[in-house]
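Hi,

Here is the model I said I would pass on, with my notes on it underneath. Have a look at the coordinates first, then read on.

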Amino acid sequence: AMQAHPQEAGVQEEGCRALGNVCFGSDAAAFARKQRAAVAGAIEAIVAAMQAHPQEAGVQEEGCRALGNVCFGSDAAAFARKQRAAVAGAIEAIVAAM
């Protein structure tokens with residue numbers, strides 16, 4: 001839905017919220033979901049939503065939360081997700097949201 005409707009702020013906000021919820025947690029299953037989301041392009045989709053809707057507080061809030069949840073962890077896969085987020089422009093998107 002996020003890729004099909006990039007200019008619909010409501011869709012982007014709900015997509016970020018859904019990704020944040022799916023990626024919440026710190027058990028093995030949650031880490032597997034985080035990795036699956038990253039491989040599916042979730043990080044890039046979240047950053048794109050935040051960049052496309054800089055004045056939409058809901059998109060910014062849910063995007064920050066989703067990025068935090070997807071990138072959470074201290075194993076090698078988490079470090080790779082964090083690097084992927086940095087390359088995708090997540091750091092700049094988060095700072096701009098502030």
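One term before the notes: by a nonpolar core I mean a set of buried Ala, Val, Leu, Ile, Met, Phe, Trp, Tyr and Cys residues that are joined through side-chain atoms within 4.5 Å. Also, please keep in mind that this is a predicted model.

**The core**

The largest nonpolar core has 22 residues, and the members that touch the most others are Met2, Ile43, Ile46 and Leu67. Two or more residues each come from helix 1 (9-22), helix 2 (28-39), helix 3 (42-52), helix 4 (57-71) and helix 6 (90-97). Helix 3 gives the largest share, with seven residues.

What does Met2 touch, once residues up to four places away in sequence are left out? The list is Val11, Gln12, Gly15, Cys16, Leu19, Ala45, Ile46 and Ala49. Ile46, you'll notice, is also among the core members that touch the most others.

**Helix 4**

I spent some time on this one. Helix 4 has 15 residues, so at 1.5 Å a residue it should span 21 Å, and its end C-alpha atoms are indeed 21 Å apart. Its buried residues are Gly58, Val59, Gln60, Glu62, Gly63, Ala66, Leu67, Asn69, Val70 and Cys71. Those buried residues pack against helix 1, helix 2, helix 3, helix 5 (76-88) and helix 6. After the helix comes Gly73, with a positive phi near 140°.

Gln60 is one of the polar names to look at here. Gln60 sits in helix 4 and counts as buried because its relative accessibility is 7%, under the 20% cut-off. Leaving out residues up to four places away in sequence, Gln60 touches Met50, His53, Pro54, Ala93 and Ala97. If you want a long-range distance to check, the C-alpha atoms of Gln60 and Ala9 are 10 Å apart, with their positions 51 residues apart along the chain.

**Salt bridges**

How many salt bridges does the structure hold? There are five. Side chains of opposite charge can pair when their charged atoms come close.

Let me start with Arg17 and Glu62, whose side chains meet at 3.2 Å, N to O. That pair links distant parts of the chain, as Arg17 belongs to helix 1 and Glu62 to helix 4, 45 residues apart. Arg17 counts as partly exposed because its relative accessibility is 25%. Glu62, in contrast, has a relative accessible area of 8%, so it is buried.

Glu62 has another partner in Arg65, at 3.1 Å, N to O. These two are three residues apart in helix 4, so about one helical turn separates them. An α-helix has 3.6 residues a turn, so residues three or four places apart point the same way. Arg65 is at 32% relative accessibility and therefore counts as partly exposed. Salt bridges with shared partners join Glu13, Glu14, Arg17, Glu62 and Arg65 into one network.

Then there is Arg84 with Glu44, a salt bridge of 2.8 Å, N to O. Here too, distant parts of the chain are linked: Arg84 is in helix 5 and Glu44 is in helix 3, 40 residues apart. Arg84 is partly exposed, since its relative accessibility is 31%. Glu44 is also partly exposed, since its relative accessibility is 31%.

**On the surface**

Ile91, Ile94, Val95 and Met98 make up a nonpolar patch on the surface, and together they have about 440 Å² of accessible area. Met98 lies in the segment after helix 6. Buried or exposed, then, for Met98? Exposed, because its relative accessibility is 81%, and the cut-off is over 50%.

Another nonpolar side chain to look at is Val39, in helix 2. Val39 counts as exposed because its relative accessible area is 59%. Its C-alpha atom is 9.1 Å from that of Arg81, with the two residues 42 apart in sequence.

That's what I have for now. Shout if something in the file looks odd.

Cheers

Methods. Residues numbered from 1 in each chain as written. Predicted model: local features only at pLDDT ≥ 70, side-chain atom pairs only at ≥ 80, totals over all residues. Heavy atoms only, no water. Buried < 20%, exposed > 50% of the residue type's maximum accessible area, 1.4 Å probe, protein only. Helix = DSSP H or I, 4+ residues; strand = E, 2+ residues; numbered from the N terminus. Contact = heavy atoms within 4.5 Å. Expected span 1.5 Å × (residues − 1). Patch = residues over 30% accessible without salt bridge, like charges linked within 9 Å, V, L, I, M, F, W, Y side chains within 5 Å. Areas by Shrake-Rupley, 256 points an atom, 1.4 Å probe, with all protein chains shown as cover. Salt bridge = Lys/Arg side-chain N within 4 Å of Asp/Glu carboxyl O.
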